[in-house]
Every structure is written in structure tokens, then in C-alpha cells.
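Me: I'm new to this structure and would like a close look at one part of it. Please choose a single helix and walk me through what it touches, with each technical term explained as you go.

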Amino acid sequence: MSAPARRNDAAMPAQAVYSNNVRDLWQQAVGIRQEWLGHALSTEPADKSTAEGCLTAIYARMKRPRPRFEWVESPDKARSLITGWPTLDQLYEWIRDPRPRGTPPLASDLAMVTSQLRGALSASVTHADPELSPIRAGKTKEPWPELAPLHALDSGVPLGVVLHQGVRTALHRSLAHGYYLPVRAAMAGSGPVPVCWYGQQDASWVAYYDTLHRLGLAGYGPDEAEHLDAWANLARSCGWWWPGEDVCVVVDRPQEIRIEPVSAMVHEPVRLRPRGVRYRDGWQPLLKL
């Protein structure tokens, strides 16, 4: 699939350039963002059948057979099942010279496959996607300011930039800085935590590409769309997961989530309260926020 030609109007989607409907598109994007935030913070029991089907499809992308699934009620309960699995620092060793001997862990292949998917999705966006490279304003090459969205649009900030700030970055703040990084830090008190993916809290990048598609600002090929659907349905179905060669450890969604708004920031980010998450086995980490 070849990338569409880049436009002089940088991150201003063609549809919005010619139809003056940027405000309408932004309001639609807000609704989609809130929909995905709801999935990311859902406390419904996991849809295990859907999650296992999605994970099997993702394993197939790496030419791996369906793994055996081990379901646990909290990330804390996963510890005994993932002892010795690679950490993020160990994965980085596989992209540096000299590389370790032997076969890379499955998590390394998964990181590569996911990165390739996101690159292909960005290449199918109708404007220069800020996900691929930061969009700079004017001859000074200063970053676009992060303003209240309607003020940003009225001030000439391209819609593509506002969408990236208001969907991708905003959800990442809520779900990474506001959720999984503090929870991981609480787990790391007894040692490094093996690398994992976050299921429902991976929604920031999934939601971003879903938003662009639903607004008519991206046209994904059939293979990329099918691959994105697997990640989207996974984010709607379960919590964190650790991929191994023969077994995949998957966490049920939490039993309770309590959040609070992050003050003095645009795009309405949220974060967990210090005792804001309790899992189905009763694990309720004290978070440092």
C-alpha cells in the first residue's frame, strides 16, 4: 500500500479545508473519544471469548499458533505466571548492537508488528499525520500550542493537530499517566515487571485511528482495517495481557475504578484516585500520582 501524497496544508484534512466544518468534526471526535474512554475504564467482566479470538488473530500475525490462555483477576495475580519473562529493558537490547544471541522473545516480534501497523495506518491518513512527525508552525518551527480546542481551531491550528492533541495525547495522559504507569509502579516495588500490553488501556492509539476513520479522514486498506479491528475489539474486551510463546496471561477488567479530573489541562484528562482501582480478587494498590 502506498502512502497518499502529502499536502501543503500540513495537518489540515482536505475535507475540512474546503467545507468549513472543522467544528462539527471536532465535536464528533469528542464523542468518539468519550466512547473509547468508557471502554478503557469499563468495569464489566471481561468478554473472554472475544478477547481470546482477538489475541489468537494477533498471534497469527506473528506466525504463532493459538496460545493457551491463563486468566487472572488482577495484575498482581499474574506475577507467579510471568516470572522470568522479558522486561522492557531486555526488549531494547534486541534493537541495539551487539544483539543478544538466540531467538528474540515473542514480545519483541509483537512490538514490531504493532509498530508496523501504526505506521501503515498513519500513511493512510488524508493529511500529514502528527503521529508520524511533529507538525511545526511557521518559519520558527515552534510546536503548535495546545489550546482549548475551539480556540485552537479559530487561531489557525490545523484540525489534524487538534485531533492528535485532543484524542491521541489526551487519552494517553488519562490511560498511561493516569492509570497504567502508576499501577505498574505499585507492582514494581518487588522487582521489574515484565513487558505487557494493556488491553482496554491501550485505547489511546486505537481510538485515534478509529476517530480518523469514522470522520472520513483516513482510508485504511482491508488488511490494516482487519488488524486494527482486532486491537479495537481487544480493547473493548479485557484488561492487561502478557504474551508468551505457549501461554498468554490475561487480566480480567477491574471491579471498581474511581477517577478524578486533572486540573488546569485542556481536553479533560482524568486519572485514578490514590485508591482508585480495585480488582476482582480484592487487590487495590496504593498509587503515587
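Reply: Let's begin where helix H6 (residues 106-123) meets H10: their axes come within 10 Å and cross at roughly 120°. This angle makes H6 oblique to H10 (under 35 degrees would be roughly parallel, over 145 roughly antiparallel, 65 to 115 roughly perpendicular, and the rest is oblique). Axes here are lines fitted to C-alpha atoms, for helices over the stretch in contact, with angles from 0 to 180 degrees between N-to-C directions. Helices (H or I, at least four residues) and strands (E, at least two) are DSSP runs numbered from the N terminus.

Please keep in mind that this is a predicted model, in which local features need pLDDT of at least 70, side-chain atom pairs count only at pLDDT 80 or more, and totals for chains, interfaces and linings use all residues. Residues are numbered from 1 along each chain as its sequence is written, and side-chain values use heavy atoms, leaving out hydrogens and water.

The crossing of H6 and H10 is left-handed (the near helix is turned anticlockwise from the far one by less than a right angle; clockwise would be right-handed). From H6, the residues in contact are Leu110, Val113, Thr114, Leu117, Ala120 and Leu121, and from H10 they are Glu224, His227, Leu228 and Trp231. Contact means heavy atoms within 4.5 Å. Sorted by class, this contact has 7 nonpolar, 2 polar and 1 charged residues (Ala, Val, Leu, Ile, Met, Phe, Trp, Tyr, Cys and Pro count as nonpolar, Asp, Glu, Lys and Arg as charged, and the others, Gly among them, as polar).

H10 has another partner to show you. Helix H3 (residues 48-61) and helix H10 (residues 222-235) have axes that come within 8 Å and cross at roughly 140°. That angle makes H3 oblique to H10, and the crossing of H3 and H10 is left-handed. Try finding the H3 residues Thr50, Ala51, Cys54, Leu55, Ile58 and Arg61 in the view; they meet Asp223, Glu226, His227, Ala230, Trp231, Asn233 and Leu234 in H10. By class, the contact of H3 with H10 has 7 nonpolar, 3 polar and 3 charged residues.

Both His227 and Trp231 appear in the contact with H6 and in the contact with H3.

Two of the charged residues deserve a closer look. Side chains of opposite charge can pair when their charged atoms come close. Here the side chains of Arg61 and Asp223 meet in a salt bridge, at 3.0 Å from N to O (a side-chain nitrogen of Lys or Arg within 4 Å of a carboxyl oxygen of Asp or Glu counts). Arg61 lies in helix H3 and Asp223 in helix H10, 162 residues apart, so to speak linking distant parts of the chain. A search of the whole structure finds 19 salt bridges.

To set H10 beside another helix pair, look at helix H2 (residues 22-40) and helix H8 (residues 159-187), whose axes come within 11 Å and cross at roughly 15°. That makes H2 roughly parallel to H8, and the crossing of H2 and H8 is right-handed.
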